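Trainee: Please take one part of this model and look at it closely, in one connected account, and then say how it compares with what lies elsewhere.

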Amino acid sequence: MFPLRRLSSTVVVLLGVTILTYGLIFLTPGDPATVVLQEQLGHQPSEQSVRDFRAEQGLDDPVPVQYANWLADVLRGDLGDSYYGDGPVLELLVDHLPQTLALAGASILVAICVALPAGIASACYRGTRIDYASQLIALLGVSTPNFWLGYLLIIVGALRLGLFPVAGAGSLPQLVLPAITLGTGMAAVLTRLVRSSLLEVLAEPFVDGARARGVPERAVVVVHALRTALLPVVTMIGLQLGYVLGGAVVVEVVFQRPGLGTLLVDAVFARDYPVVQGVTLLVGTLFVAVNLLTDLVYRRLDPRVSIGGVGT
Amino acid sequence: MTGRGRGGPAFENPADDDEHPHPLLEVDDLRVRFDDGRDRETVRAVDGLSLALERGEIVGLVGESGCGKSATVRAVAGLHGGDARVDGSVRFDGIDLREVSDESLRRLRATRLSTVFQDPSATLTPTRTVEAHLTEALRLAERPADRSLRASLGFGFDLDLDPRKWGRRDDRRERAADLLEAVGLDARALEWYPHECSGGEAQRVSLAVALASDPDVLLADEPTTALDATTRAEILALLESTVADREMGAVLVSHDLGLVADVCDRVVVAYAGRVMEAGPTDRVLESPRHPYTRALLGCRLDSVGPGKRLPTIEGEVPGPTVEPAGCPFAPRCPRVTDECRNAAPPVVAVDGGDGGECGDGGRVRCGELERVAASEAAGANAVTAADGGALEQCGDGTNGSDRERKGGTKSERQSTDANGTRTAPALELCGVSKRYPLEDSWLARATGRDRWHEAVRDVSLSVRPGETLGIVGESGAGKSTVIDLVTGLEEPTAGAVRIDGEPVGRVNERTRDQLAAVGRLFQHPRSSLDPRQPVRAAIAEPLREAGRDREERRVRTEELLSLVGLEAHHADRRPGQLSGGECQRVGLARAVALEPALVVLDEPTSALDVSVRARVCNLLLELQRRLGSAFVLVSHDLGVVAHLADRIAVMRGGRVVESGPAERICESPTHDYTERLLAAANARGVGTETDSGDRPTDLEEGSQSETETEREHTK
Amino acid sequence: MSVRSTLERCRPIVEHPTLRTLARNRAAVAGAVVVAGLAVLAAVGPVLSPYDPTAQDLANRLRSPSLAHPLGTDQLGRDVATRLAAGARVSLGIALLVTGIRLALGVSVGLVAGYVGGWVDEVLMRVVDVLLAFPGIVLALVVAGVAGPSLRNLVLALAAVGWTTYARVVRSSVLEVRERAFVKASRLTGAPRRRVIRRHVLPTVAGPVVVLATLDLGGVILATAGLSFLGLGAQPPAPEWGTMLATGRHHLRDATWLVNAPGLAIVCAVLGANLLGDGVRDALDPEGEIERKSGGRRR
């Protein structure tokens, strides 16, 4: 009975996501209405205008009622308007999402293309120079902050060599440097995972079982071991989407791409709460959805858990 | 033929060059070594082992764990890792396998040499179906010409792009189904994944995969060790008939002499990586020559009557890093001489026991054979008389009276029984049931989809003070749950548990006295000890909880150590530094620390070698004699239970299907399930099997039967 | 007390098998050396340096590396090397603080959830699920941003989003240990729950937690620098690596050292911490159990 139970827990988590998103407002020091009006007006707001704003935004209701109203609006697709007149939050999200998705997709592609061969080679030639080199590079990749890597790539790839544009978004060349920046960290994590997972599987008795049946060595690795070894990698790629969305914030700032990340950072500093809530909710929902999808894919791939998760 | 010095081909094929130019498989002076990475010491896994195998023959390779049996199989099949150094020769149908390329070796494994391993479900690829395994094996076994292109490219994918070959794929599927049928499974099993098979089914599948190439030689490495008694018998019968039908040869590796005796034509007894004795099964079992073979046979439960002390082998198998100067068995040998400590013993030919052709009774590597033979002539019973010295045999004098006494009390108890019970039973279960929810979640409860696993159903049992009740049954029968109910880790869904006449609840509801009244020995001795806690603290824990002060604890801990036969210096060791048998003793010391009226023993002998098991059995008898406690002994091993118990209860599917005095159950069972258990354990193999593989815990037992039901649901 | 007797006393610690395994791991030793070196630099660097990390010297703006200024000066003429050393204090201090809070919070929650069970476990784990439904850095960014950019809020935000892994690992270890035979055996002696936890469960859980904490350290350094880079942590005059990099990015064409010096410093610190973390994991958890329990999540 997997899907029903998994779906029900997903609903619970999504509900929690909305509560958390809504509750974020209350972290702000002082009265949100005063803070927001001050930001908008640039000076101390009058008491009357604060009262009007509170009434207009429903801030005088008890908190659960506020939340319920907000949630009802959200479910109807109304995420509110930006405080700064940039229009409905939903439109802002729809405008900015594609840039971020393009970046995320491209960097995952970069990561997989690097990590799979590197990880497999590392595991198959364990203890050789190939292995050490790939492990060292992976370690460097894990340890390098992507904002610095981004500037390094700009200095070398854009300013010195002039191969790619420095910043901006829209064209394919503009996607190359950001995708490499964001893909590197992920590739490093995946390489290490592919290596350790494959090594673990190669030590399992069924691998020797396959050899004992006379299966050629390459088929032992590719047909028997790799499929099992890639199962945790699938999960990791799903989880990495979270890392990609997080990393995208920084990378978008570095490359000045108009995506969800720059939208969020600008909104946070401008205290544009509806936009902050909108982006947070979208990122949370996306992440939950991807995790659900990953789980479903995993269950399709691994016969051991497809039977309702019993017997593990 | 006389013995040769060490290093020479000592155990070669008996019939050298007459009818058969060369045997099917011939292993000569095989040595496998590898470096222990941490301590830079050389591990001698196999140290000069030889054996020969003919067509249509099953040869048993026997020895305790750590004797190099598995390493031999791996080296023969060329599956030893890159860090192992292999010397000696392995000739397969005249070809020296040590000389051929890896690729030819692989092709040989694909076509003519198959291997079956101990843990069948672990050796099948978890992400591939049974059909994928079978068709792969069939495809690999096809003539190399058929797939020369792919073979030369080095691909082994199951992708046939050539439409002309599609017909062959259907054909393979059909042949796969035939193979399954041959091992007693129906074609539905083609769709299964390895984890969906029970232990027995998985071993049948492994066998089917091994037979797919129609091999000449089958190497079976402990193929039945992880299986239940009845399944074990079926698999062995299957192995025997297959070898006979297909005219192949098989090497059966086992630590169990009795099992080997049932199916093997010849036996090779190995110790510390060397052959100690080899010969026709009947000769080796009926008149064993080597002291080690004798000792091994002596440890078997049927070598003495029930309730009697068993002969044992003192000491442990030497570590594989030690290079013994003389005979490796010398430190444990009852008739050791200075000569065998210092020089390699000669190999001596033995005359055929029953005057068979060639006069060949095999060979023995021992210099003291004359003395062995002499004492054999002097003594009536080979086993009893031959075992003086280190083999603690209580065949004579003083100890005999103990046995008498024990026998006496047993009949006394039975008469008490006839007159009606006088004292409250030490333990009483009245109509006890226990069920677990299969799916424990609010959703399942809300939707009313709750399904239950009935672990124990309406069980009533009673144990009188000082008596031993044995509970037998296969895994999943509910034995472990009964123990949890008795000790209070679980609460019955219905019925009552009474100890000394008082009803008791869960462990945290029990009084100090009630807690002290029950001792429990856990199934896996090592895991029941906290790896971080020294032995002293482990033994003192129950004393501490019972409120004994420091001095009392110290004194009692020392008493307990000597009671279970451990030395004072063991007190400061941690479980990781103890052997399996020593951990078992520590567990026992803990269990009896408070002199409980009732001791519950969960599979006390599983995971132990034959010789260690004999010692544990003796220890249990001794403890009961000294403490006068009632024992509840739970085991899947009917042999051990029959040996130790006064009464036996047979469990199946959570119910007690039969119970009664041990002799009655063993001699005239009324329930046909008991009969089957007995039949499976009987013949010469009775109770000699111990499990070195991990038995499922109670938790896994539950899930195993769930998987069975789930399969019904999904298919 | 003689030196010898002191040494004798330290012996059980020094010869502890885990430490010996760790000492054999060359990469782990290198990591420890790097981290220790940075700590020393953080401690003595600002004291020894002739420059003040915040004093401006507009006459010496954007000087490239020289003997007087081994790593050059920034746009306000401050010595980059001195600021890096001072920044090490902030980065390492925050990393330790955040990891400490995460550890304390996560272990407590995990122990309670695992041992109490029932609805308490249910509620706590749903909280964990919700927190895990966001990429940590995004949530920390929003929390720190809404609460107001400051170092204190940065620490709280990072701690608030990162304790979940500890809680999960501790909880699943507790659940597993609880079913282990030796804990059952201890329960059968009548030992109360509290004592069973203290005697058998906590020591077993300690290993995984130490491993997680060392593995976490590098990630926390990265996150701190990342959020500071975005303008949420240390505010501009303060010498912090992420903040320095953020201000240096305006001089990509003429003063690359302003970006590369703090960048390399971060890489060194994180690399050192990761090497050490991997070493500790290999020594304490050779089977990779912990990573499995934490759901493979490392960032």
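Mentor: From the N terminus on, the elements of chain C run α-α-α-α-α-α-α-α-α-α-α-α-α, and everything said here about them refers to a predicted model. In counts, chain C has 13 helices and zero strands. Of its 299 residues, 55% count as buried, and among the contacts in chain C with a separation of 6 or more, 70% are between residues 24 or more positions apart. The area that chain C exposes is about 12800 Å², and carbon and sulfur atoms supply 64% of that area.

A suitable place to look inside is the largest nonpolar core, which has 132 residues and in which C:F229, C:L230 and C:W241 have the most contacts. The largest share of this core, however, comes from helix α10 (residues 217-255) of chain A, with 14 residues. Within chain C, the contacts of C:W241 can be followed one by one: leaving aside residues up to four places away in sequence, C:W241 touches C:L38, C:L84, C:G87, C:A88 and C:S91, and also C:P262, C:A265, C:I266 and C:A269.

Chain A also meets chain C directly, in a contact that takes 53 residues from chain A and 49 residues from chain C. The area buried between the two chains is about 4100 Å², and carbon and sulfur atoms give 77% of it. On the chain A side, A:F147, A:W148 and A:Y151 lose the most area to chain C, and together these residues make up 15% of what that side buries.

For comparison, chain B contains an open sheet of six strands with mixed pairing, in the order β18-β19-β20-β15-β21-β22. Its edges are β18 (518-521) and β22 (655-661) of chain B, and because each has a single partner strand, one side of each is left without a neighbour in the sheet. Neighbouring strands of this sheet are turned by 15° against each other on average, with direction ignored. Further in, strand β15 (residues 468-472) of chain B runs parallel to strand β21 (residues 647-652) of chain B, the two being joined by four bridges, and there B:G470 has B:I648 in β21(B) as its bridge partner.

The edge strand β18(B) rewards a closer look. Its pairing with β19(B) is in the parallel sense over four bridges, with B:L521 standing opposite B:L601 in β19(B). In a regular strand the side chains alternate between the two faces of the sheet. In β18(B), both faces are covered, since B:V518 and B:R520 on one side and B:G519 and B:L521 on the other are all buried. Two helices of chain B cross this region: helix α21 (residues 580-591) lies across β18 and β19, running at about 170° to β18(B), whereas helix α17 (residues 479-487) lies across β15, β18, β19 (598-602), β20 (630-635) and β21, running at about 150° to β19(B).

Elsewhere in chain B, helix α1 (residues 69-76) has six of its eight residues buried, so this helix is largely enclosed by the rest of the structure. The buried residues of α1(B) are B:K69, B:A71, B:T72, B:V73, B:A75 and B:V76, and just after the helix B:G78 takes a positive phi of about 70°.

Definitions and conventions: Residues are numbered from 1 along each chain as its sequence is written. Chains are lettered from A and ligands numbered from 1 in the order in which they are written. This is a predicted model: local features need pLDDT of at least 70, side-chain atom pairs count only at pLDDT 80 or more; totals for chains, interfaces and linings use all residues. Side-chain values use heavy atoms; hydrogens and water are left out. A nonpolar core is a set of buried Ala, Val, Leu, Ile, Met, Phe, Trp, Tyr and Cys residues joined through side-chain atoms within 4.5 Å. Buried means under 20% relative accessible area, exposed over 50%, partly exposed in between (1.4 Å probe, protein chains only). Contact means heavy atoms within 4.5 Å. Accessible areas come from the Shrake-Rupley method with a 1.4 Å probe; for residues, only the protein chains shown count as cover. Two strands pair if DSSP finds at least two bridges between them. Axes are lines fitted to C-alpha atoms, for helices over the stretch in contact, and angles run from 0 to 180 degrees between N-to-C directions. Buried area is the accessible area (1.4 Å probe) that two parts lose on being put together, summed over both.
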